[in-house]
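Morning, everyone. I will go through one model today, starting with a term and then moving through pockets, salt bridges and a few backbone details.

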Amino acid sequence: MAVSSAFVGAKLEALMVSNTASSSAVSASASASPAQVGLFCKPVATRAKRVALMRRNSGIIRAEVQTEIVDHANAASSSASSLSALEQLKASGADRYTKEKSSIVVIGLSIHSAPVEMREKLAIPEAEWPRAIGELCGLNHIEEAAVLSTCNRMEIYVVALSRHRGVKEVTEWMSKTSGIPVSEICEHRFLLYDKDATQHIFEVSAGLDSLVLGEGQILAQVKQVVKVGQGVLGFGRNISGLFKHAITVGKRVRTETNIASGAVSVSSAAVELALMKLPESSHSTARMLVIGAGKMGKLVIKHLAAKGCTKMVVVNRTEERVSAIREDIKDVEIIYKPLTEMENCSAEADVIFTSTASEIPLFLKEHVVDLPPVGPTVGGVRLFVDISVPRNVGSCVNELENARVYNVDDLKEVVAANKEDRLRKAMEAQTIIAEESNQFEAWRDSLETVPTIKKLRAYAERIRAAELDKCLSKMGEDIPKKTRKAVDDLSRGIVNKLLHGPMQHLRCDGSDSRTLSETLENMHALNRMFSLETEISVLEQKIRAKVEQTQT
C-alpha cells in the first residue's frame with residue numbers, strides 16, 4: 001500500500017475526514033520516489049508540533065515499514081485508490097504505534113534513592129504544580145501528568161503514549177528545570193509502570209513508603225495534589241482517578257490496620273533526634289526556637305510540648321498562625337517573633353528547628369560563626385534540625401566546632417526503633433492495597449470500551465431518530481404532543497432494552513466475574529458487526545487533542 005507525504009499532511013490537517021484528499025494522496029504516492037516516501041518518517045518543519053505526534057526521528061515508523069511501502073507502491077496503487085484515508089491509516093505502520101495502550105508511569109526520586117542535595121534541586125513548590133503539569137503535557141508523548149513534591153520525594157506521574165519516549169522526555173524536562181545532568185538523574189531515579197506504579201502511589205498514600213512507616217502527613221499531601229489538579233488541563237481522567245483512589249486506599253489502611261497508631265511523623269522524629277543529641281538533664285531547660293509555623297512547624301511545636309517543653313520561641317512571617325497554635329496547645333508559653341528578629345532569636349537558642357518554604361538557605365556558615373556559644377549544660381553545641389526541602393540550613397555550618405546540622409536524611413536512626421511492629425501492620429496493609437489495585441486496574445481497563453459504548457449508542461440513536469421521523473411524517477402534522485412523546489418514549493425504550501445486553505458485556509469494572517479479555521473480545525466483535533472503528537476513533541481523539549493543545 002502506498003502512503004505519501006501528501007497523505008500525512010492531509011491526515012493531520014483534516015483529521016481523516018476527506019476521502020477525496022486521500023484518493024489523490026494515494027495516486028500521487030504511486031510515482032513518489034523513495035526519498036519522498038521517506039518523508040513519512042521525518043518531521044515537517046512547518047508543522048513540527050503536529051507531526052510530533054506521528055513521532056519524529058523514524059523511531060516509530062521503522063525502516064522496514066518504509067521499505068515495504070516503496071516495494072509495494074505499484075502493486076497496491078490500483079486497489080488503494082478506493083480506500084479512504086481512514087482505512088489507509090488503519091493498515092499503515094503508524095497505526096501499529098498508535099494502537100499501543102497508554103501507560104501510567106512514575107519517574108521518581110525519594111529519600112530511599114536520592115540524597116537531599118538532589119531532591120531539593122528537583123523540588124517544585126505547590127504553586128508551580130499547574131505550570132509543571134502544563135509543560136509536561138506539552139511533551140510529545142505525554143497525555144496526562146501530576147507532581148508529588150514533598151520533603152522526602154519528588155515524583156512525576158504521567159500517562160505516556162510510549163513508555164520509553166515518555167520517560168526520556170520527562171527525564172530531560174527534569175534535567176532542564178533543575179540543572180542536574182540527565183545521567184545523574186538516571187543514576188538515582190526509579191521507574192515504575194502501570195500496575196507497579198499504581199501499587200506505589202497506594203503504598204505512598206498509606207504511609208508504607210515513608211521514612212516513618214505509617215506517617216499521616218503524606219496522605220494530606222496526596223489530597224493536595226488532587227485539590228491543586230482540579231481544573232488543570234492535563235490532570236486527566238486516568239491520573240485524577242489514580243490519585244483519588246490512592247486517597248481512598250490511604251484512609252482505608254489507616255482505619256483497618258491502625259498502622260498510624262504510635263507512629264511518628266517527620267516532625268516528631270526531628271524532635272526525637274534533637275533530644276537524642278542533647279544531654280538528658282537539659283531536655284526540659286534547653287532553649288527551643290522553631291522557625292516556620294506551617295504544618296511541619298506546628299507538629300514540631302506539638303511534639304516539643306508532648307516531651308515536656310514548657311517554653312519556646314516561634315519565628316514566622318505573621319503572628320496569625322502562631323496565635324492559632326497557642327489556642328490548640330495550652331500550658332505552654334509560645335512567644336512569637338517576626339522574621340526580622342530571626343538572627344537575635346537564634347543567638348539565644350540552643351536548638352533551632354527550621355521548616356519554611358524558603359528556596360534559599362536561612363543559615364550559612366557566615367550567619368552562624370558569630371553567634372554566641374551555647375552553655376555546657378546542653379553540650380556546648382548549637383543544634384540545627386532542618387526538616388525543609390529545599391534545605392534552610394547549609395551543610396557548611398557543620399564545619400564550625402560549636403554547631404551541628406541535621407536534615408531529613410539524618411532521621412533514619414530515630415525511626416529504626418518500633419520498626420518490627422509497623423512492618424507487621426504494613427503486611428496487613430499490603431492485602432488491602434492488592435485488592436484496591438485490582439479494582440483500579442479493572443476500572444482503567446474498562447475505559448478501553450468507553451469509545452465503543454459511545455459509538456454503539458450513537459449508531460443506535462441515529463437509526464432511532466431516522467425511523468422516528470419517518471413514522472411521525474406518516475402520522476401527519478396534527479399529532480398531539482402527548483402522542484408524539486409516547487411514540488418517542490416507545491422508540492427510546494426499545495433501543496435501551498436492545499442495547500442493555502451488549503452494554504453489560506462491554507463493562508469490566510470488577511463488579512462481576514467477566515474477565516478483561518472477554519470484555520475486549522466483545523468490544524472487537526461489536527466493532528466488526530457495526531463497523532464502529534473504535535480504535536481509529538481513539539487515534540483521532542489523541543491527534544485532535546495534541547493539535548488543539550499546540551494551537552492554544
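First, a term: buried means under 20% relative accessible area, exposed means over 50%, and partly exposed is in between, using a 1.4 Å probe and protein chains only. By that rule arginine 163 is partly exposed, because its relative accessible area is 35%.

Now, where the values come from. This is a predicted model, in which local features need pLDDT of at least 70 and side-chain atom pairs count only at pLDDT 80 or more, while totals for chains, interfaces and linings use all residues. Residues are numbered from 1 along each chain as its sequence is written, and side-chain values use heavy atoms, with hydrogens and water left out.

Let me stay with arginine 163. Which residue forms a salt bridge with arginine 163? The partner is aspartate 194, and the closest N and O atoms are 2.8 Å apart. The pair links distant parts of the chain, 31 residues apart: aspartate 194 is in helix H13 (residues 194-206) and arginine 163 is in helix H11. A salt bridge here is a side-chain nitrogen of Lys or Arg within 4 Å of a carboxyl oxygen of Asp or Glu. Helices (H or I, at least four residues) and strands (E, at least two) are DSSP runs, numbered from the N terminus.

Is aspartate 194 buried or exposed? Aspartate 194 counts as buried because its relative accessibility is 15%. Its backbone is also worth a look: phi of aspartate 194 is near 50°, a positive value in a residue other than glycine. Most residues other than glycine have a negative phi, and most peptide bonds are trans.

That brings me to a peptide bond. Valine 389 and proline 390 are joined by a cis peptide bond, with omega about 5°. Proline 390 sits in the loop between strand E9 (382-386) and strand E10 (403-406).

Back to salt bridges. The whole structure has 23 of them by this search. One is between the side chains of glutamate 128 and arginine 131, at 2.5 Å from N to O. Glutamate 128 is partly exposed because its relative accessibility is 30%, and arginine 131 is partly exposed because its relative accessible area is 37%.

Another salt bridge joins lysine 485 and aspartate 489, with the closest N and O atoms 2.8 Å apart. These two residues are about one helical turn apart, because they are four residues apart in helix H24. Lysine 485 counts as exposed, at 51% relative accessibility, whereas aspartate 489 counts as partly exposed, at 37%. Elsewhere, Arg252, Glu256, Glu435 and Glu436 are joined into one network by salt bridges that share partners.

Next, the spaces. On a 1 Å grid over the protein atoms alone, a cavity is a set of points where a 1.4 Å probe fits but cannot get out, and a pocket is an open set with protein on both sides within 12 Å along at least five of seven lines; lining residues have an atom within 4 Å of a point. Grid points are joined across faces, edges and corners, and a volume is the space filled by probe spheres set on the points.

What is the volume of the largest pocket? About 1500 Å³. Its lining has 50 residues, and those nearest its centre are Ser355, Thr356, Ala357, Ser358 and Val389. Val389 came up a moment ago, in the cis bond to proline 390. Among the elements that each supply at least two residues of the pocket lining are helix H9 (116-122), strand E2 (142-149) and helix H11 (163-178).

How many cavities of 30 Å³ or more are there? The count is six. The largest cavity holds about 80 Å³ of space. Residues lining the largest cavity include Thr150, Cys151, Arg153, Glu215 and Met296. Helix H14 gives the most to that lining, with three residues.

Cysteine 151 has one further entry. Its C-alpha atom is 8.4 Å from that of valine 116, and the two residues are 35 apart along the chain. Valine 116 is in helix H9, and valine 116 counts as buried because its relative accessibility is 1%.

That is the list. Questions, please.
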